[in-house]
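Ready for a few exercises? Take a look at the sequence and the 3D view, then try each task before reading its solution.

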Amino acid sequence: IHVKFNGAMLDALVQLNPTVYRKHVLMEDGKKTLYAKLRKALYGTVRAALLFWRDLVDTLEQEGFTLNAYDHCVMNKTVNGKQCTVLFHVDDLKISHEDATVVTDVIEV
């Protein structure tokens, strides 16, 4: 299986093992990118999942979202007087708000 990594997942891989991954990172269309051939499934590495979660939470907190005290896979922010919610599980996200342009803005973060 050949895969292309960029964004938060690439950052998590580089943090996980910089000596292995950093030398293979390329710039493509102004973004850091890594192409790889996998020998086994990438999912299931607890450390990679934790790094991804930390990066996602840090990014959303910088945008004004607050981590839910009861469920650490939910973040909220009030935008235009209405609640914007981001739910995440592994690398799947659900973003909801009354105004679709707010959802688009969050996706572009």
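A salt bridge here is a side-chain nitrogen of Lys or Arg within 4 Å of a carboxyl oxygen of Asp or Glu. The model is a predicted one, so local features need pLDDT of at least 70 and side-chain atom pairs count only at pLDDT 80 or more, while totals for chains, interfaces and linings use all residues. Residues are numbered from 1 along each chain as its sequence is written, and side-chain values use heavy atoms, leaving out hydrogens and water.

**Exercise 1. Salt bridges**

Find the salt bridges, and work out which parts of the chain each one ties together.

*Step 1.* How many should you look for? The structure holds three.

*Step 2.* Start with Asp 11 and Lys 32, whose side chains meet at 3.1 Å, N to O. Asp 11 lies in helix H1 (residues 7-16) and Lys 32 in strand E3 (residues 31-37), so this pair links parts that are 21 residues apart in sequence. Helices (H or I, at least four residues) and strands (E, at least two) are DSSP runs, numbered from the N terminus.

*Step 3.* Check how open these two are. Buried means under 20% relative accessible area, exposed over 50%, and partly exposed in between (1.4 Å probe, protein chains only). With 26% for Asp 11 and 43% for Lys 32, Asp 11 counts as partly exposed, and Lys 32 does as well.

*Step 4.* Next, take Lys 4 and Glu 28, which meet at 2.9 Å, N to O. Lys 4 sits in strand E1 (residues 2-6) and Glu 28 in strand E2 (residues 26-28), so they tie together parts 24 residues apart in sequence.

*Step 5.* Finally, Glu 98 pairs with Lys 82, with the closest N and O atoms 4.0 Å apart. Glu 98 is in the loop between E7 and H4, and Lys 82 is in strand E6, so the parts joined are 16 residues apart in sequence. Is Glu 98 buried or exposed? At 65% relative accessible area, Glu 98 is exposed, while Lys 82, at 38%, is partly exposed.

**Exercise 2. Strands and hairpins**

Trace how E5, E6 and E7 are joined, using the rule that two strands pair if DSSP finds at least two bridges between them.

*Step 1.* Strands E5 (residues 74-79) and E6 (residues 82-89) pair in the antiparallel sense, over six bridges. They make a hairpin with two residues between them, and Asn 80 in the turn has a positive phi of about 55 degrees.

*Step 2.* Move on to E7 (residues 92-96), which runs antiparallel to E6 and is joined to E6 by five bridges. Here too there is a hairpin with two residues between the strands, and Val 90 in the turn has a positive phi of about 55 degrees.

*Step 3.* Which residues stand opposite Val 86? In E5 you'll find Met 75, and in E7 the bridge partner is Ile 95.

**Exercise 3. The nonpolar core**

Locate the largest nonpolar core, meaning a set of buried Ala, Val, Leu, Ile, Met, Phe, Trp, Tyr and Cys residues joined through side-chain atoms within 4.5 Å.

*Step 1.* This core has 12 residues in all, among them Phe 52, Leu 60, Met 75, Val 86 and Val 106. At least two residues each come from helix H3 (46-62), E5, E6 and helix H4 (100-107). The largest share, four residues, is from H3.

*Step 2.* Zoom in on Leu 60. Leaving aside neighbours within four places in sequence, Leu 60 is in contact (heavy atoms within 4.5 Å) with Phe 65, Met 75, Val 86 and Phe 88.
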